[in-house]
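Subject: Handing over the structure

Hello,

Here is the structure I promised to pass on. Please open it beside this email and follow along.

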Amino acid sequence: MYVPADERRPDTLAALALAGEIAHEPLVRPMPGLPRRSESGSILLTALLHPGGTAERERLFARVEAAAEARGLHGARVTGAAVRVARDSEELVRDQRRSLFAMVLFVWIALAIGFRSIKLAVIGIVPNVVPIAALYGGLALAGRPLSASTAMIGTVFLGLVVDDTIHFLHGYRAARERGLSPRMAVASAYSRSGRAITVTTAVLCLGFGAAVMGRLETTIEFAVVSALVILLAWICDLLVLPALLMLGSPILRSNAPRTRRFSLPWIESTT
């Protein structure tokens with residue numbers, strides 16, 4: 001902690017009392033030395049931190065600065081590499097949260113414009129949001145803090161896994177335009193896009209999973225979580241999305257073109 005010098009030289013006794021108070025914080029190890037005063041009158045307090053998450057450290061920094069202000073050490077602030085890393089990480093998480101919400105909105109708008117249907121866009125966004133929600137919910141349940149790598153997965157992979165949803169919805173929409181029932185349209189989308197979606201998922205999982213052979217812990221964590229998100233997106237595209245299309249077929253009925261008759265090309269006679 002840095003206590004700047006002002007018109008009044010900071011009280012050394014108050015700094016000593018503050019150092020003792022900081023030493024009793026749960027995230028702080030015993031103080032390695034006494035407060036140091038520079039020629040200008042400023043005081044520097046040093047402390048070692050136990051490993052901890054950025055949220056816990058942010059609360060610690062706020063308590064320490066409030067305690068310094070209460071002891072008359074005005075303008076005191078925490079500083080150092082650990083402080084900078086914790087605050088940068090917290091800012092990264094906040095930025096990624098805002099980016100994720102914006103990304104979901106933009107993807108939904110793109111689906112609505114591409115398929116010319118707000119209802120179909122609502123159904124299409126669900127299987128892409130569920131894997132990301134499961135990712136962050138699973139990390140919270142496991143007690144794993146967000147890192148720089150896991151915080152970025154949401155926005156990065158939302159734009160990656162939405163491709164499979166678009167392929168499936170396109171197949172479903174094309175089948176409905178041919179006059180097929182919702183059940184037959186889902187079956188047609190399976191036969192048209194199911195294999196391609198599965199192959200794409202397998203390739204992406206193997207590609208990102210190759211990073212688990214590295215030695216850097218953040219890289220391994222990113223690879224494992226990325227592969228899990230892609231796998232969850234595949235499950236949602238082939239199970240959740242068809243179920244939503246079937247359940248929402250009465251709502252989507254108004255969007256389907258009305259035709260008097262249709263013929264299946266594989267039933268037509270060639271003679």
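To start: is Ser226 buried or exposed? Ser226 is buried, because its relative accessible area is 0%, and the cut-off for buried is under 20%. Before going on, keep in mind that this is a predicted model.

Stay with Ser226 for a moment. It sits in helix α7, which covers residues 217–247. Leaving out residues up to four places away in sequence, Ser226 touches Ile153, Phe157 and Phe208. The C-alpha atoms of Ser226 and Gly154 are separated by 9.4 Å. Along the chain, those two are 72 residues apart.

**The whole chain**

Now step back. The protein chain has 271 residues, and buried residues make up 36% of them. Its secondary structure comes to eight helices and three strands. What order do the elements run in, from the N terminus on? The order is β-α-β-β-α-α-α-α-α-α-α.

Next, the contacts. Take those between residues at least 6 apart in sequence. Of these, 67% join residues at least 24 apart. The chain exposes about 15,800 Å². Carbon and sulfur atoms supply 64% of that area.

**Helices α1 and α2**

Helix α1 covers residues 12–23, and Ala19 is in it. Ala19 has a relative accessible area of 8%, so it counts as buried. Its C-alpha atom and that of Ala68 are separated by 9.5 Å. The two residues are 49 apart along the chain.

Helix α2 covers residues 54–70. Look at two of its residues, Ala66 and Ala67. Ala67 is buried, because its relative accessible area is 11%. Ala66 is partly exposed, because its value is 47%, and partly exposed runs between 20% and 50%.

What does Ala67 touch, not counting residues up to four places away in sequence? It touches Leu18 and Glu21. The C-alpha atoms of Ala67 and Ile22 are separated by 8.9 Å, with their positions 45 residues apart along the chain. For Ala66, take Arg77, 11 residues away along the chain. Their C-alpha atoms are separated by 9.4 Å.

**Helix α3 and what follows**

Helix α3 covers residues 81–115. Does its length come out as expected, and what is the span between its ends? At 1.5 Å a residue, its 35 residues should span 51 Å. The end C-alpha atoms are 50 Å apart, so the two values agree.

Several residues of α3 are buried, including Val83, Ala86, Glu90, Val93 and Gln96. Further along, Leu100, Val107, Leu111, Ala112 and Phe115 are buried too. Here is a rule to hold against that list. An α-helix has 3.6 residues a turn, so residues three or four places apart point the same way.

Just after α3 comes Arg116. It has a positive phi of about 55°, although it is not a glycine. Arg116 is in the loop between α3 and α4, and α4 covers residues 118–141. Is Arg116 buried or exposed? It is exposed, because its relative accessible area is 64%, and the cut-off for exposed is over 50%.

**Helix α5**

Thr165 is in helix α5, residues 148–177. Its relative accessibility is 0%, so it counts as buried. Leaving out residues up to four places away in sequence, Thr165 touches Gly124, Pro127, Asn128, Asp237 and Leu241.

**The largest pocket**

Last, the pocket. The largest pocket has a volume of about 280 Å³. How many residues line it? There are 18. Nearest its centre lie Met1, Leu45, Ala47, Thr79 and Val83. Val83 is also on the list of buried residues in α3.

Which helices supply at least two residues each of the lining? Both α2 and α3 do. The lining divides into 15 nonpolar residues, three polar and no charged.

That is the handover. Try finding Ser226 on screen, then its contacts Ile153, Phe157 and Phe208.

Best wishes

Methods:
Residues numbered from 1 in each chain as written. Predicted model: local features only at pLDDT ≥ 70, side-chain atom pairs only at ≥ 80, totals over all residues. Heavy atoms only, no water. 1 Å grid on protein atoms, 1.4 Å probe; cavity = no way out; pocket = protein on both sides within 12 Å on 5 of 7 lines; lining within 4 Å. Points joined across faces, edges and corners; volume = space filled by probe spheres on them. Helix = DSSP H or I, 4+ residues; strand = E, 2+ residues; numbered from the N terminus. Nonpolar A, V, L, I, M, F, W, Y, C, P; charged D, E, K, R; others polar. Expected span 1.5 Å × (residues − 1). Buried < 20%, exposed > 50% of the residue type's maximum accessible area, 1.4 Å probe, protein only. Contact = heavy atoms within 4.5 Å. Areas by Shrake-Rupley, 256 points an atom, 1.4 Å probe, with all protein chains shown as cover.
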